[in-house]
Structure formats: C-alpha cells, structure tokens
Amino acid sequence: MNDFDPAALDCLAALADEQGFERAAQRLSITQSAVSQRLRSLETQVGQPLVVRSRPLRLTEAGKVLLRFARQLQALRVDVARELGERVAPQSRLAIAVNADSLATWVLPALDELVQQGLREGYGLELVVDDQDFTHDSLRQGAVLGCVSTVAEALQGCRVQPLGVMRYVAVASPGFLAAQLPEGLHAGNFADTPFLVFNRKDDSQAQWVAQAFGVRAPRLRERFVPSSEAYVSAAVMGWGVGVAPEVQVRPLVEAGRLVVLRPEVGVDVALYWHQWQLQARGALLDRIGQALADGARRALG
C-alpha cells in the first residue's frame, strides 16, 4: 500500500472531530473544496468510502482504521517537533478520554504541569468525557490516543497500566435523612427513595443497592443529574441519595453536609490507563500516562 498523504489524514481527523466539512475547513484554514478533494484522494487510495455524509458526519469502519493512524501520526509529529525544539503546529491536539468523576477529582491536578507546558510549546491536550465503561470504545474507534477505562485488557497495539481503585459510597444530606428516611435506608424503603443518577449509562446506584440489600437488578426512583459537580451539589441540597466517589465527598462528610449510608458498603471501580504504543523517545503520550498514574496514586491510594 502506498504512503498516505499526511494532509489528507489531517482532513480525516478534522472531519471526525468537527463532524462536518465547513468546520473542518475552518479548523485547517483551507476551503471546503480542498477538504473534499483530499478526502476523495484518500478514499480513492484505499478503494472504499471513509465517511458517511450524514448529519452529523460519521466514519465508516475503514475510516476509523485510518483515523487511528492519523491520530498516531499527529502525536508523532508533536514529539518530533518538541525533540527538535521547533514550534508545534497550532492545530496539534492530543485527545484522551476520561470519565467524568475522575475529571472532577484527580485528573486536572495530575495533568496541570503538562497542560501548562503545552501552552508554552504550542500543543493542546483535549479531554473527551464519557462513562468509564465506554471510554475504551473511543480508543478502539481512533477518536482518542489514550483513555481512562474500567477495561483491563489491552487492545492490539496498545498498552495498559492500572491506575487504582475509585471507591463509591452512598451519601445523603442530614436534612434529607431526617425528612425522608428517619429510620434509615433499608430493604423495605429503598424502592421508594429517590436516587441521584448521572446518566443512563450510570449503574453505580443499582450496584450499591444490590450489595447493601442483596437484591438483583433493583428498580430505583431515578433523578438524573448529568454533571459530577452538580450531582454532589444535588445530594447536599437534599434531592436524593447519591452514590459518589469517596474522594469527592470526603470533605463534605467531614464538614457534616453529607452523611455516608452503610459505610461498610461500597462500589469499587478499578481504573486503567490505555494508550497506543508510539515509538518515539520521550513520547508526550507516555508522559501523559505517567502523569495520570502518579496523580491517581496520590488521590486514590
């Protein structure tokens, strides 16, 4: 197979990120016609379509394969430019996927030094947020170069390292407990008690109830709050019982604003860092992985 045109691969990556030709052209500072021409050239080279021209635009399976290659090539270019002391191309971005709870607790402090360095050197770090059980899909599809995930097994061409265990505990405000659960949460009333849920991918509440009361596939009264920070705020305001990271709610528990229910019960979520293996000395992606591993160790133990 002939070598792929790096400019055409950049177009494919921009189309995947921006979900359309107009925004991709704006990002690359070229015309829409040029984006279309480079994409057609790439499709001719591989002999099959790479994108489905829908709204939003989406990649074919062949497009996802080439997207993975495009991401890795972009990362290698960043590493080479840094090693040579050259300015990184302004559109260079290294995307990684993280779960919302990690982002709200330990990820930002872990990555701060690298982000500050990126501001000086010109590269950008893009964080893609998804449930920890689904971030691995973004890695497989080529949308990101690395991810924080609950999946323990590495994809071919990737490596994985354990980060630690994030423990989830059930909490509620003192006012909510006094008004709604004066006798405490138990097997006879959990089904009528509102539980805060992050989104429809979130099953930590059901896992906690299953452990606490020995109930398989419990049905709960759900109140959706799709933000890690707002989720904890809703628990403090008395919207319901939340199942949140212990590291996130610990200061509120110590301040008496939240109470841990059944402290002996918790949902332990093992987290792993996955990344594509890039053969570059001092690869930035390796440094990102090490920074996340160090940050997780400090926060999660």
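Let me start with a definition: a helix here is a DSSP run, H or I, of at least four residues, and helices are numbered from the N terminus. Keep that in mind for later, when helix 11 comes up. Hello everyone, and please remember throughout that this is a predicted model.

Let's begin with the whole chain. The protein chain has 301 residues, and 49% of them count as buried. Its secondary structure comes to eleven helices and eleven strands. If you draw a box around the C-alpha atoms along the principal axes, that box is roughly 70 × 40 × 30 Å. There is also a nice number about how the chain meets itself: of the contacts between residues at least 6 apart in sequence, 74% join residues at least 24 apart.

Now for the inside. In soluble globular proteins, nonpolar side chains tend to be buried together. In this model, the largest nonpolar core has 66 residues. Which of its members touch the most other members? They are Trp106, Trp208, Ile288 and Leu292. Take Leu292 as an example. Leaving aside residues up to four places away in sequence, Leu292 touches Ile96, Trp106, Val107, Ala110, Leu111, Val148, Leu163 and Trp273. A second core, separate from that one, has 24 residues, including Phe4, Leu12, Leu57 and Ala62.

Let me stop at two residues on the way. Leu125 sits in strand 4, which covers residues 124–129. Is Leu125 buried, exposed or partly exposed? Its relative accessibility is 24%, so Leu125 counts as partly exposed. Setting aside residues up to four places away in sequence, the contacts of Leu125 are Leu94, Ile96, Leu111, Val115 and Ile288. If you would like a distance to check on screen, Leu125 and Leu278 are 153 residues apart along the chain, and their C-alpha atoms are separated by 17 Å.

The other residue is Ala100, in helix 5. Ala100 counts as buried because its relative accessibility is 17%, and the cut-off for buried is under 20%. With residues up to four places away in sequence left out, Ala100 touches Val129, Asp130, Phe198 and Ser228. From Ala100 to Pro162 is 62 residues in sequence and 18 Å in space, C-alpha to C-alpha.

On to the pockets. The largest pocket has a volume of about 340 Å³. Its lining is made of 27 residues, and those nearest the centre are Asp101, Asp131, Gln132, Tyr168 and Asp202. Which elements give two or more residues to that lining? They are helix 5 (100–121), helix 8 (204–213), helix 9 (228–236), strand 9 (242–245) and strand 11 (267–276). Sorted by class, the lining of the largest pocket has eleven nonpolar, nine polar and seven charged residues.

The second largest pocket has a volume of about 150 Å³. Among the residues lining the second largest pocket are Pro109, Glu113, Arg287, Asp294 and Arg298. And here is helix 11, as promised: six residues, the largest share of this lining, come from helix 11. Helix 5 also supplies at least two residues of the lining of the second largest pocket. By class, this lining divides into four nonpolar, two polar and five charged residues.

A quick word on cysteines. How many disulfides are there? The count comes to zero. Cys158, for instance, is in no disulfide, and the nearest cysteine sulfur, that of Cys147, is 8.0 Å away. Cys158 is buried, with a relative accessible area of 7%. Cys11 also counts as buried, at 0% relative accessibility.

Finally, some backbone details. Most residues other than glycine have a negative phi, and most peptide bonds are trans. Now look at the peptide bond from Arg55 to Pro56: it is cis, with omega near 0°. Pro56 lies in the loop between strand 1 (51–52) and strand 2 (58–59). Then there is Ser29, which has a positive phi of about 60° although it is not a glycine. You will find Ser29 in the loop between helix 2 (21–28) and helix 3 (32–46), and Ser29 is exposed, with a relative accessible area of 67%. Ala217, not a glycine either, has a positive phi of about 45°. Its place is in the loop between helix 8 and strand 8 (221–224). Is Ala217 buried or exposed? With a relative accessible area of 69%, Ala217 is exposed.

That is the tour. Thank you for listening!

Technical notes. Residues numbered from 1 in each chain as written. Predicted model: local features only at pLDDT ≥ 70, side-chain atom pairs only at ≥ 80, totals over all residues. Heavy atoms only, no water. Core = buried A, V, L, I, M, F, W, Y, C linked by side-chain atoms within 4.5 Å. Buried < 20%, exposed > 50% of the residue type's maximum accessible area, 1.4 Å probe, protein only. Contact = heavy atoms within 4.5 Å. 1 Å grid on protein atoms, 1.4 Å probe; cavity = no way out; pocket = protein on both sides within 12 Å on 5 of 7 lines; lining within 4 Å. Points joined across faces, edges and corners; volume = space filled by probe spheres on them. Nonpolar A, V, L, I, M, F, W, Y, C, P; charged D, E, K, R; others polar. Disulfide = S-S within 2.5 Å.
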